[in-house]
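Please walk through the metal site of this protein, looking at its geometry, its ligands and their surroundings.

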Amino acid sequence: MFPTDPISNLAALIRCPSVTPAEGGALTALEAMLAPLGFSVDRVVAKEAGTPDIENLYARLGAEGPHLMFAGHTDVVPVGDEAAWSHPPFSAAIARGEMYGRGAVDMKGGIACFVAAVARHIEKHGRPKGSISFLITGDEEGPAINGTVKLLEWAAQKGERWDACLVGEPTNPESLGDMIKIGRRGSLSGRITVHGVQGHAAYPHLADNPVRGILQLTQALMDSAFDAGTDTFQPSNLEVTTIDVGNAAVNVIPARASAAFNIRFNDHWTAESLKAEIVARLDRAAKDETLRPGRQPVKYDIVWNERPSHVFLTRNNALIDSLSGAVEAVTGRQPKLSTTGGTSDARFIKDYCPVVEFGLVGQTMHMVDERVAIADLETLTGIYEAFVARWFGHAAA
Ligand SMILES: [Zn+2]
């Protein structure tokens, strides 16, 4: 049977309890939808010591270019307090025009709609002149080690090349047509430790209180803006997320104090240039004597989080215009092209081809009673179908 109905597609996916790292039957359900459309499907298990094995799926229809990839994930976050749900989280119950279930918007709904859109396209026009593939991971909500990164490597290794990618994450803040994501800020974290000299609180000249040092250093990180933002990006922003001393005694000056921070940065910076800026700020602040008159510079070290997310911005008019035009044709609204929000798997895909993101309304994602308006499923399917037609039309022109 042709999977042209996004509602039944989504119900089948929601009924699979695929909380990361469990496959939960979700990829099997998806494979059952793609096979009748003529896709050849690979199930790829990725492994890495110290992490659970993860099952992923790659499916392709067609052998020629141009090649459009749809990317997403079937894993979902835990349900939280199951008793608090109005309807069981894996039941796909429909009430008052909405379907309930974990993953309804993040992002089984996006997958269900894209499958339906492709099925409708094939029904009306036959196979597209080119290829469509699905790159679906089971490890987006988890550590993301055995997911998109390894699946892309695996596919590229066997010769897969893509011209464009659409990620179906929920990108709309309030209603369908609000927002397309055309890039993402980078994210970088680190921890600073200040080394002082422990001592008696009554004899501070014999000690060196690291609390004074950590205040100077964290102040320097928060003090002035890193940049003013760009046309497409918000200003970069740093948040100190914790300051830790862990000292239980009121009469003891502690030996150490540490602090952690996270910075979301725009395309003024690379992770490397930003690290250099942060170290320069810290070195300057370490010499400041305001809180420590007559003292040697603060002794500190910094440990960077190993895997920063790199900033990216997609500049591919065929892709952006096809999607934006499809949204406008179906909803009558011009979507905002945005780079806001957290990171997503698009940060890995951008190394292979231009990538944009558009999906459902994100309001209930990760919450109790995650749910999607039935009308939105139909509308998003229409948008995806128009996008596929436009993109292949564009690529053939
Ligand atoms: Zn998601």
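**The zinc site**

In this predicted model, the 4 donor atoms around the zinc ion subtend angles of 52 to 144 degrees, which makes the arrangement irregular, since four donors count as tetrahedral only if all angles lie between 85 and 135 degrees. The coordinating atoms are NE2 of His 73, an OD atom of Asp 106 and two OE entries from Glu 169, at 1.8 to 2.7 Å. Along the sequence, these donor residues follow the spacing H-x32-D-x62-E. His 73 belongs to strand 3 (residues 67–73), whereas Asp 106 sits in the loop between strand 5 (98–100) and helix 3 (108–125), so the pair ties together parts that are 33 residues apart in sequence.

Turning to the ligands themselves, His 73 is buried, with a relative accessible area of 1%, and Asp 106 also counts as buried, at 5% relative accessibility. The side chains of Asp 106 and His 73 are joined by a polar contact of 3.1 Å, while a polar atom of the His 73 side chain lies 2.9 Å from the backbone oxygen of Asp 75. Beyond its neighbours within four places in sequence, His 73 touches residues including Met 107, Ile 111, Glu 140 and Glu 169; for Asp 106, the corresponding contacts include Val 76, Glu 141, Pro 170, Met 365 and His 366.

An unreviewed UniProt entry lists His 73, Asp 106 and Glu 169 under "binding site". These residues span 97 residues in sequence, yet no two of their C-alpha atoms are more than 8.6 Å apart, so they gather at one spot. From this set, Asp 106 and Glu 169 are part of the lining of the largest pocket.

Note on methods: Residues are numbered from 1 along each chain as its sequence is written. This is a predicted model: local features need pLDDT of at least 70, side-chain atom pairs count only at pLDDT 80 or more; totals for chains, interfaces and linings use all residues. Side-chain values use heavy atoms; hydrogens and water are left out. Donors are N, O and S atoms within 2.8 Å of the metal (3.2 Å for Na, K and Ca); water is not among the atoms, so sites may look incomplete. Four donors count as tetrahedral if all angles lie between 85 and 135 degrees; four count as square planar and six as octahedral if opposite donors are over 155 degrees apart and all others between 65 and 115; anything else is irregular. Helices (H or I, at least four residues) and strands (E, at least two) are DSSP runs, numbered from the N terminus. Buried means under 20% relative accessible area, exposed over 50%, partly exposed in between (1.4 Å probe, protein chains only). UniProt positions are given in the numbering used here, feature names are shortened, and annotations may be inferred rather than shown by experiment. On a 1 Å grid over the protein atoms alone, a cavity is a set of points where a 1.4 Å probe fits but cannot get out, and a pocket is an open set with protein on both sides within 12 Å along at least five of seven lines; lining residues have an atom within 4 Å of a point. Contact means heavy atoms within 4.5 Å. A polar contact is a pair of N or O atoms within 3.5 Å; within protein, one must be able to donate a hydrogen and the other to accept it, and residues adjacent in sequence count only if both atoms are side-chain atoms.
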